[in-house]
Amino acid sequence: MHFDLTDLRLFLHTVDAGSITAGAARAHLALASASARLRALEDSLGTPLLTRGRRGVTPTPAGQALAYHARSLLQQVDRMQDDLGDYARGLRGRVRLLCNTAAISEYLPEPLGAFLRDHPNIDVDLEERASHRIVPELHAGSADVGIISDAVSLQGLETFPFRRDRLVLMAPAGHPLARAGRVDFAATLAHDHVGLAQTSAIAAYLDDHAARAGHRMRVRVRVNNYDAMARMVIQGVGLAVLPRPAALRWRGARVLILELDDAWADRKLMLCVRDWDNLPHYAQALIHALREPVGT
C-alpha cells in the first residue's frame, strides 16, 4: 500500500472543502488531475473514500478513517520539515559529546553551560565513558566529540587541548601516609581506599594502574561523586585519588592533600574529533568554546 503525500493533502483539502473542485484549487492542481488522483487513491485502497453528490462530496467511513490518519501524518511531516529546515539554515544542531569522569564532573560544567546559554538552538547529548572506550566511538563516527586523557593513544584523531588534570591523594588527618607529603600510588595500595562506582571512567583507570603495580585496590566503599568521596575520607574510611580541583574544595577540612609522584597522575585532557573539516559547524563552535583558554 503506497501513499503519496500530495494525494493525502488533496484528499484532506477535498474533505475540508466538501468539493473536489475546491480541494483541487487548494492543492494547486487541475480539476481533471485531482479527480484522477482521488480515483487512483480509492482504487489502491480497494474502497470508496468519498460519496459524490450534486452538492459536493462527503467522506465515507473509510474516508473518515483515512482523513484522521492523514491529518496526523501530515502534521508530523510538517514538523519534521520545520526541524530539518532549521538544520539546513544552520539554526539548530545536536552534538554527541563523550567525556571521561574528570572532564564531566570537574572541568566541563561551566564552559559547556555558558556555551548552551549562548547557543539556544544547539543541543548536546553528554555521556560519560572511559577514555579508551571513547576512541573507537570517534573512529566509528558514533560520537562527534570526545574529551579524553592523553594517557591513551589518540592516533588517527585530531586533538585540541582542553584542560590539565592533575590527580592527587586525599588522606584522613592522622593517616600513616599523611606525613609523607608526596607518595607513589603503589604505596597506597596497602591501605583502604574510597572509590567511585565501578562504571565510572576514573575507577577503571585506577584499577588498571593498580594491576600494573601488581596489586588490587582495597576499596571499602564506592560512591557516586567526588564530594561524597571526600566526606568518606573525612570520616577516616580510607584514601581517595581524585582531581586536584575536587580535592581543593575540601582544603581546611580534616584531610590532607598529597601529590602523587606517578607520571600518569599528571594528565592532559584533550578534545578529540575524527575529522575537523567534516565536522558540522555547530560542533566546531562547541570545540572553540571548550578549548583551553590561552595562557593557562
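Which helices each supply at least two residues of the lining of the largest pocket? In this predicted model, the answer is α5 (101-107), α7 (131-140) and α9. Let's start at that pocket and work outwards.

The largest pocket holds about 260 Å³ of space. It has 17 lining residues, and if you want to find its centre, look for S131, H132, V152, Y205 and D208, which are the closest to it. Among the helices, α9 deserves your attention here: with seven residues, α9 gives the most to the lining. As for chemistry, the lining of this pocket is a mix of eight nonpolar, six polar and three charged residues.

Now zoom out to the domains. The assignment splits the protein into domain 1 (5-70), domain 2 (83-163 + 268-290) and domain 3 (166-267). Note that domain 2 comes in two stretches, 83-163 and 268-290. Taken over C-alpha atoms, the centres of domain 2 and domain 3 are 28 Å apart, and their contact draws 14 residues from domain 2 and 13 residues from domain 3. Where does the largest pocket lie relative to domain 2 and domain 3? Between them, because both domains give residues to its lining.

Next, look for enclosed space. There's one cavity of 30 Å³ or more, and about 90 Å³ of space lies in the largest cavity. Of the 14 residues around this cavity, V194, G195, L196, L206 and M217 are the closest to its centre. Helix α9 (201-212) turns up again: α9, along with the strands β8 (192-196), β9 (218-223) and β10 (240-243), supplies at least two residues each to the cavity lining. By class, the lining of the cavity has 10 nonpolar, two polar and two charged residues. So α9 is one to keep in view, since α9 supplies at least two residues to the lining of the largest cavity and seven to the lining of the largest pocket.

Finally, head over to helices α1 (residues 5-17) and α3 (residues 31-45). Their axes sit 10 Å apart, and the two helices pack at an angle of about 105°. That angle falls within the 65 to 115 degree range, which makes α1 roughly perpendicular to α3. On the α1 side, the contact is made by T6, D7, L10, F11 and T14, and these meet A34, R37, L38 and L41 in α3. Sorted by class, the residues of this contact come out as five nonpolar, two polar and two charged.

Key: Residues are numbered from 1 along each chain as its sequence is written. This is a predicted model: local features need pLDDT of at least 70, side-chain atom pairs count only at pLDDT 80 or more; totals for chains, interfaces and linings use all residues. Side-chain values use heavy atoms; hydrogens and water are left out. Axes are lines fitted to C-alpha atoms, for helices over the stretch in contact, and angles run from 0 to 180 degrees between N-to-C directions. Helices (H or I, at least four residues) and strands (E, at least two) are DSSP runs, numbered from the N terminus. Angles under 35 degrees count as roughly parallel, over 145 as roughly antiparallel, 65 to 115 as roughly perpendicular and the rest as oblique. Contact means heavy atoms within 4.5 Å. Ala, Val, Leu, Ile, Met, Phe, Trp, Tyr, Cys and Pro count as nonpolar, Asp, Glu, Lys and Arg as charged, and the others, Gly among them, as polar. On a 1 Å grid over the protein atoms alone, a cavity is a set of points where a 1.4 Å probe fits but cannot get out, and a pocket is an open set with protein on both sides within 12 Å along at least five of seven lines; lining residues have an atom within 4 Å of a point. Grid points are joined across faces, edges and corners, and a volume is the space filled by probe spheres set on the points. Domain bounds come from an automatic or database domain assignment.
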